[in-house]
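Here are a few notes to help you find your way around this protein. Please keep the sequence and the 3D view open as you read.

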Amino acid sequence: MVKLSIIIPCYNEGNNIPLILNKFKNAIKRSDIEVVLVNNGSSDASREIMDKLIPDYKFARVINVEVNQGYGFGILSGLKEAQGEYLGWTHADMQTDPYDVIKALDIIESKGSPSNIYIKGDRKNRPLFDRVFTNGMSIFETLYLKQRLHDINAQPNIFHNSFFHSWDSPPFDFSLDLYALYLARQQKLDIVRFNVLFPDRLHGSSSWNTGLLAKYKFIKRTLSFSKKLKGELKNVHRSSR
């Protein structure tokens, strides 16, 4: 039985894939963890590199998404195919250490492997501007959605598979992190945060964090999803009266 399935969406991360696999190989010391690499519609050599390397890593497998439909879609594609009792995701850019995934699982098991738990990183060692941006978004989302929401895009995210099966129409973009954390708060899961270091990328560049304009677009998309989410909550409250 698979204890944990960790999903890694990969969009044009060909140079990082060998590093991802080697780091997970060094971190994983048990046979009940699977790593699901999602080739999320990459236009580089990611698919060929995965096909070549995966046979050497028994803990890993690949899911191919032919057309990129967003960060969240890639993760959801992997979660739907995952076999673990616990599910989760992290990034492929090597800014999140694979050992953090093992730390998260250790936390779960130290608490007796409950089903009502949500483990999430809390990023440290980030540039000042990024910290200010994150804190500003956290404060806004907390006030707007009336749930405590801090460092929403931190990795990894790990939870019981029953929580995933409770999701209804999750978003296909970067709002997936907000959606999952918000639902965890709403469903009163035991949310456990732990410190994770957040160094610079080793290879390639971010597919979204490319400057002020990109941040503006990210904020706009997130606010749009927040408005939609709040509207759905109002409809639920009305229908339950």
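1. Some vocabulary before we begin: helices (H or I, at least four residues) and strands (E, at least two) are DSSP runs, numbered from the N terminus. By that count, the protein has 8 helices and 7 strands.

2. A word on where this comes from: it is a predicted model, in which local features need pLDDT of at least 70 and side-chain atom pairs count only at pLDDT 80 or more, while totals for chains, interfaces and linings use all residues. Residues are numbered from 1 along each chain as its sequence is written, and side-chain values use heavy atoms, with hydrogens and water left out.

3. How confident is the predictor? The pLDDT, which is the predictor's confidence in each residue from 0 to 100, has a mean of 90 for the protein, and 91% of the residues reach 70 or more. Over residues 236-241, however, the pLDDT is below 50, and this stretch has 0 contacts in the model beyond near neighbours in sequence (a contact means heavy atoms within 4.5 Å). Where pLDDT is low, the predicted coordinates should not be read in detail.

4. On overall shape, the radius of gyration (taken over C-alpha atoms) is 17 Å. This agrees with a compact globule, because 241 residues would then give a value near 18 Å; the globule rule is 2.2 Å times the number of residues to the power 0.38. The C-alpha atoms fill a box of roughly 55 × 45 × 35 Å, taken along the principal axes.

5. Now to the inside. Of the 241 residues, 53% count as buried, where buried means under 20% relative accessible area, exposed over 50%, and partly exposed in between (1.4 Å probe, protein chains only). Among contacts with a separation of 6 or more, 82% are between residues 24 or more positions apart.

6. Do look at Leu87, which lies in strand 4 (residues 86-89). Leu87 counts as buried, with 2% relative accessibility. Leaving out residues up to four places away in sequence, Leu87 touches nine-strong company that includes Leu4, Leu79, Ile158 and Phe164. Phe164 sits 77 residues from Leu87 along the chain, yet their C-alpha atoms are separated by 8.0 Å.

7. Then turn to Ser226, in helix 8 (residues 212-239). Is Ser226 buried or exposed? Ser226 is buried, since its relative accessible area is 0%. Again leaving out residues up to four places away in sequence, Ser226 touches Glu141, Tyr144, Leu145 and Leu178.
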